[in-house]
Structure formats: structure tokens, C-alpha cells
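User: Please take a close look at the largest cavity and at what surrounds it.

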Amino acid sequence: MMELQLKSGREKSLKRHHPWIFSGAVERVNGKPGRGDMVDVRDAHGQTLARAAYSPDSQIRARVWSFDSAEEVDAAFFRQRLMQALALREALPAAKHGNALRLVHAESDGLPGLIVDRYADVLVVQFLAAGVERWREPILDALAELTGCSAIYERSDAETRKLEGLEARAGFVRGNRAAARCPIIEYGLNFKVDVEQGQKTGFFLDQRENRQQVRALAGGREVLDGFCYTGGFAINALAGGATRIVAVESSAPSLEVARENLAANALDASRVEFVHADAFAHLRTLRDRAAQFDLVVLDPPKFAPTAAQAKNAARAYKDINLLALKLLRPGGLLATFSCSGGVDPSLFQSIVAGAALDAGVRAKIVERYSAAADHPVALEFPEGEYLKGLLVLRA
Ligand code: SAH
């Protein structure tokens with residue numbers, strides 16, 4: 001019997017059904033479980049609280065599969081969890097307006113460490129924890145069967161794999177095809193997704209509905225997109241009737257895809273200027289030239305993956321938001337985001353407030369944004385809520 005026994009008093013988070021067991025909560029491990037093996041988790045009195053995947057190298061020593069101590073964890077278990085995740089997505093309005101969705105959102109879908117994104121008929125999977133890595137083959141089989149997708153690309157190359165003692169792995173695991181430009185449709189717009197080399201799994205599906213918001217706000221406005229990646233917000237602003245768009249991005253390969261995405265839509269491409277630059281430096285240059293915009297979008301990368309990095313991240317968020325607010329005409333809008341897990345919504349709001357104060361502008365929040373509904377947040381797992389955004393109106 002493989003067991004993980006908790007220290008006295010350390011069962012509280014499990015009783016709230018939080019799925020992580022940290023190394024510091026573990027009193028003893030019985031039966032020499034290997035990486036990804038199933039362990040029964042017991043409290044100090046020997047009562048079984050959960051069944052979990054063991055991860056000997058990680059601070060997150062185990063991730064819970066089930067709080068039912070009698071539930072079998074086998075191929076049928078994974079098939080069932082995947083079916084539930086797919087059913088949730090089929091019922092979403094967004095499923096009718098495009099062919100790209102996040103099908104599995106890890107812990108919040110009861111599958112800790114597993115990400116699955118669908119781009120038309122290609123699935124991109126990430127196995128980011130020891131438990132799902134251990135069940136990789138049955139999961140891939142079930143995904144192929146349940147989705148009907150014959151091509152599955154693995155992007156298990158995220159840094160977090162290292163924390164689990166896992167090597168990076170990338171490439172086709174089912175089927176094969178050219179995947180450097182997978183065409184998708186999002187609310188009638190065409191995008192190409194570089195599944196092989198793009199960031200994360202290739203596209204930021206979490207911003208889908210927020211891109212629609214920007215599209216709806218952009219009519220007749222001059223727009224600045226500070227971190228444009230492959231053109232998501234910029235092209236939506238153009239589709240929404242923006243008169244001019246400046247889109248900044250520091251990654252040359254991302255900009256190349258952005259240009260192709262712009263060309264893939266029947267829109268007036270001459271209104272868009274892509275700038276290959278560091279956004280901090282370029283926004284400063286724009287400020288020095290006294291440039292002005294009516295709508296600024298800031299969707300920077302994750303400055304603070306964990307709370308420990310929040311302080312430096314706060315500085316970066318403040319700097320970039322301060323610059324953006326200075327570039328706004330009176331009556332202009334700033335759509336500003338943070339995808340840092342370590343910066344919670346109230347901290348983010350206070351950072352933006354500080355930026356407005358230092359910029360010498362008065363502004364108010366007129367809307368709040370979060371990740372699209374195919375990125376659910378399990379109530380017992382607040383860590384699942386990483387993306388937050390504010391729409392700020394400059395007085
Ligand atoms: N809004 C985009 C996603 C943005 S992801 C969408 O909807 O698809 C954040 C982007 O910021 C990445 O493409 C990354 O390459 C870029 N980036 C990171 N640091 C940057 C910097 N200092 N200046 C400009 N771009 C940067």
C-alpha cells in the first residue's frame with residue numbers, strides 16, 4: 001500500500017478540497033511510491049482523505065485525483081474526466097463562434113497538470129505534472145477517441161516541468177502534419193496558430209471574449225496594442241473600425257505570424273503599423289513624441305508567476321500602465337491585463353491606481369475582465385484565476 005501521511009493539523013486545505021499537498025505538510029511516505037504513482041493520503045489519525053499523484057521532486061508533493069477514497073484511478077477514470085471537460089465546452093456559446101477552445105484546464109477540470117487546447121482539428125497538449133505524465137498514453141488515447149482529432153501535438157516544454165523532475169518534450173504524438181500555421185476562426189476572424197514554436201500552446205485563448213470587448217470599443221479610435229503577440233487585439237480593433245493601430249511586440253517570430261494574420265482577413269491592413277520593439281522603450285518614445293491614442297491595450301507576459309516575484313512585477317506593471325495612461329487622450333480607454341498568478345485582482349487594481357496618480361490623470365474603472373469560460377476556475381482552487389483585466393476610462 002502506498003500512502004502519504006500528513007502532519008497533524010495539515011489536513012485543513014484537503015478538507016476544503018484544495019487539490020495540492022505541499023511537501024511541508026507530509027509527515028511520512030509509506031511504500032516507496034515512484035514519480036506519478038497513486039498514493040492514498042491519510043490524516044494524522046490514519047483516515048483516508050484523498051487519492052493523489054505522488055511527485056517526489058516537487059514542492060507540490062502530491063496532486064489529488066479524487067476525494068473519494070474508493071474511486072479507482074485508471075484509464076476509465078481519465079476518460080470520464082475528459083468527457084466531463086468536453087461536455088462543459090460543447091455547451092459554451094463560444095463553441096458556436098469559432099473552432100478553437102481550451103478543452104481541459106488542469107486542476108479546474110479535475111485533471112491537475114493537464115492542458116488541452118483545440119485549434120480546429122489539431123489538439124495541443126501539455127503534461128505539466130508527474131501524475132498526468134504517468135497516465136499520458138491512456139489520456140492521449142481517450143482524447144483522440146473523444147474529440148475525433150487525428151493530430152495531437154505535445155508542447156510539454158514549459159519551465160514548470162522541471163519542478164516536477166520531468167524533461168521537456170515536444171512534437172506530434174498522434175498524426176502528423178504541418179503545424180507551424182494551424183488556421184483557426186474566432187468570431188469570424190482568421191488567425192494562424194504556430195503550434196510548434198508559438199508561445200504556450202500557440203494562441204492565448206483565455207483572451208477570446210476580451211478581444212471581442214476591444215473590437216466593440218474600437219470604432220473610430222486610434223489604438224495602441226502594447227504587447228500584440230500574433231495580432232489578437234490589434235486585428236480585432238481593426239475589425240471593430242479603429243482608424244489607426246500601432247501594435248508593439250518584442251518577438252520577431254510572433255510579429256511574422258501577426259503580419260500573416262492581418263493579411264488573412266479582408267480588412268484595411270494599411271491602418272495597422274507593427275513595431276518590433278520593447279514595449280517599455282517604445283511607449284516612452286511615443287510619450288516623448290507626444291503621441292496620443294483613444295484606446296490602449298496592455299496584455300503583457302506573466303511578470304510574476306508566483307507571489308514571491310510580485311514586488312518586481314508590481315514595478316513593471318506600474319511603469320507600463322503609467323506610460324499608457326500618459327498616452328491616452330481625455331476620454332480615452334485603457335484595457336489593461338495581468339496574467340500573473342502572483343498578482344491578485346486587488347493588488348492589480350491598486351497598481352493601476354498608483355500609475356494613474358503618478359501619471360497625473362484621473363480615471364475610473366468601467367469594466368472588469370477575466371479569462372474566457374473555457375478556462376473555468378474550480379471554487380476550491382482560486383489559483384486557477386490568474387487572468388484579470390480592467391477597463392479604465394480617463395477623465
Ligand atoms: N494579447 C495577445 C497576447 C499577448 S502575450 C493576444 O491576444 O494574442 C504577451 C506578448 O508580449 C508576447 O507575445 C511576448 O512576446 C510579448 N512581450 C514580452 N515582453 C515584451 C516587451 N518587453 N515588449 C514588447 N513585447 C513583449
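Analyst:
**The largest cavity and its lining**

The largest cavity has a volume of about 40 Å³, a volume being the space filled by probe spheres set on grid points that are joined across faces, edges and corners. A cavity here is a set of points, on a 1 Å grid over the protein atoms alone, where a 1.4 Å probe fits but cannot get out. The model is predicted, and local features need pLDDT of at least 70, side-chain atom pairs count only at pLDDT 80 or more, and totals for chains, interfaces and linings use all residues. Residues are numbered from 1 along each chain as its sequence is written, and side-chain values use heavy atoms, with hydrogens and water left out. A search of the whole structure finds one cavity of 30 Å³ or more.

Its lining (residues with an atom within 4 Å of a point) consists of A94, H97, G98, A100, L101, I185, E186, Y187 and R208. At least two of the lining residues come from each of β7 (100-105) and β12 (182-186), strands being DSSP runs of E with at least two residues, numbered from the N terminus.

Along β12 the side chains alternate: C182, I184 and E186 point to one face and are buried (under 20% relative accessible area, 1.4 Å probe, protein chains only), whereas P183 and I185 point to the other and are not. β12 pairs with β13 (residues 189-193) in the antiparallel sense over five bridges, where pairing requires at least two DSSP bridges. I185 stands opposite N190 in β13. The hairpin of these strands has two residues between them, and Y187 takes a positive phi near 45° there.

How values were computed. 1 Å grid on protein atoms, 1.4 Å probe; cavity = no way out; pocket = protein on both sides within 12 Å on 5 of 7 lines; lining within 4 Å. Helix = DSSP H or I, 4+ residues; strand = E, 2+ residues; numbered from the N terminus. Buried < 20%, exposed > 50% of the residue type's maximum accessible area, 1.4 Å probe, protein only.
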